[in-house]
Amino acid sequence: MSESCVFCSIVAGDLPSRKVHEDERVLAFMDINPISDGHLLVIPKAHARDLHDVPADDLAACALVAQQLATRAVERLGADGVNLLQCSGEAAFQTVFHVHLHVIPRYAGDP
Ligand code: 5GP
Ligand code: ZN
C-alpha cells in the first residue's frame, strides 16, 4: 500500500466507494466522475503505479474482471458497446497513479 494513494485508501476502506466486485486480488468500483452510465474502474488491490509496473498476474486478474463487468454492462444496463481504457503516464492522461482499467459502457448515439 502507498500511503498517499487514493485507490489504496479505497482498498483499505479509508475512503468510501461503490464497489461492484471484490476478490483476493482485484477491486472494482464506480468512477466518481463517470463519463457514461455505468463507468467503473478495475484495480489490483496491491499498489502498482502503471501498466509497466503491475505484475502480470494482477494485470491478468484485472483484465478478466473487466471482461466480466463489460458483459454485465451489456446484459444489465443495456449498453450497446464497451470501451476498455488504460492510461499510463501523464502524457496519456493518467491522473491517479495506481494502475486501473476503465470499463466504459457505450450507448448508441451517446456523445
Ligand atoms: P485516469 O485519468 O488516471 O485514467 O483516471 C482516474 C479516474 O479515477 C478518473 O476517471 C476519476 O474520475 C477517478 N477517480 C479519481 N478519484 C476518485 C475517487 O476518489 N473515487 C472514485 N470512485 N474515482 C476516482
Ligand atoms: Zn495505490
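Ligand 1 places a nitrogen atom 3.2 Å from a polar backbone atom of I32. This is a predicted model, and the ligand is a good place to start reading it. A second backbone contact involves V96: one of its backbone N or O atoms lies 3.1 Å from an oxygen atom of ligand 1. H102 uses its side chain instead. An N or O atom there is 2.8 Å from an oxygen atom of ligand 1. In total, 16 residues surround the ligand. The closest are D31, F93, T95, H100 and H102.

Two of those closest residues deserve a separate look. Take H102. Where does H102 lie? It lies in strand β5. Is H102 buried or exposed? Its relative accessible area is 12%. The cut-off for buried is under 20%, so H102 counts as buried. That value is computed on protein chains only. H102 also has a protein partner. Its side chain makes a polar contact of 2.9 Å with the side chain of H39. The side chain of H102 thus has a contact with an oxygen atom of ligand 1 and another with H39.

F93 gives another picture. It sits in the loop between β4 and β5. Its relative accessibility is 70%. Exposed begins over 50%, so F93 counts as exposed. Its backbone stands out too. F93 has a positive phi of about 70°, although it is not a glycine.

The loop between β4 and β5 also holds S88. Which partners does the side chain of S88 have? One is the backbone nitrogen of L51, which lies 2.9 Å from a polar atom of that side chain. Another is Q86: a polar contact of 3.0 Å joins the side chains of S88 and Q86.

Now the sheet. Strands of a sheet pair through backbone hydrogen bonds, either parallel or antiparallel. Here the sheet is open and has five strands. The order is β1-β2-β3-β5-β4, and the pairing is antiparallel. Which strands stand at the edges? They are β1 (19–22) and β4 (81–85). Each has a single partner strand, so one side of each is left without a neighbour in the sheet. From one strand to the next, the twist averages 20°.

Strand β5 takes its place between β3 and β4 in that order. On one side, five bridges join β4 to β5 (residues 101–106), and the two run antiparallel. G81 stands opposite R106 of β5. On the other side, three bridges join β3 (residues 40–44) to β5, again antiparallel. Here L40 has V103 as its bridge partner in β5.

How many of the six residues of β5 are buried? Five are, and the strand is mostly covered. In a regular strand the side chains alternate between the two faces of the sheet. V103, placed in β5, is buried, with a relative accessible area of 1%. V103 and L15 are 88 residues apart in sequence, and their C-alpha atoms are 21 Å apart in space.

Next, the aromatic rings. How many aromatic pairs are there? The count comes to one. F7 and F29 form it, edge-to-face, with 5.3 Å from centre to centre and 80° between the planes. Edge-to-face applies to planes over 60 degrees apart. F7 lies in helix α1 (residues 6–12) and F29 in strand β2 (residues 26–30), so the pair ties together parts that are 22 residues apart in sequence. Both F7 and F29 are buried.

Last, the cysteines. A disulfide is a covalent bond between the sulfur atoms of two cysteines. How many disulfides are counted here? The count is zero. Why does C62 not form one? Its sulfur is 13 Å from the closest cysteine sulfur, in C8, and that is too far for a bond. The cut-off is within 2.5 Å. Both sites are covered. C8 is buried, with a relative accessible area of 2%. C62 counts as buried as well, at 3% relative accessibility.

Conventions:
Residues are numbered from 1 along each chain as its sequence is written. Chains are lettered from A and ligands numbered from 1 in the order in which they are written. Side-chain values use heavy atoms; hydrogens and water are left out. Two strands pair if DSSP finds at least two bridges between them. Helices (H or I, at least four residues) and strands (E, at least two) are DSSP runs, numbered from the N terminus. Axes are lines fitted to C-alpha atoms, for helices over the stretch in contact, and angles run from 0 to 180 degrees between N-to-C directions. Buried means under 20% relative accessible area, exposed over 50%, partly exposed in between (1.4 Å probe, protein chains only). Rings of Phe, Tyr and Trp (its six-membered ring) pair if their centres lie within 6.5 Å; planes under 30 degrees apart count as stacked, over 60 as edge-to-face and the rest as tilted. A residue is near a molecule or strand if one of its heavy atoms lies within 4 Å of it. A polar contact is a pair of N or O atoms within 3.5 Å; within protein, one must be able to donate a hydrogen and the other to accept it, and residues adjacent in sequence count only if both atoms are side-chain atoms.
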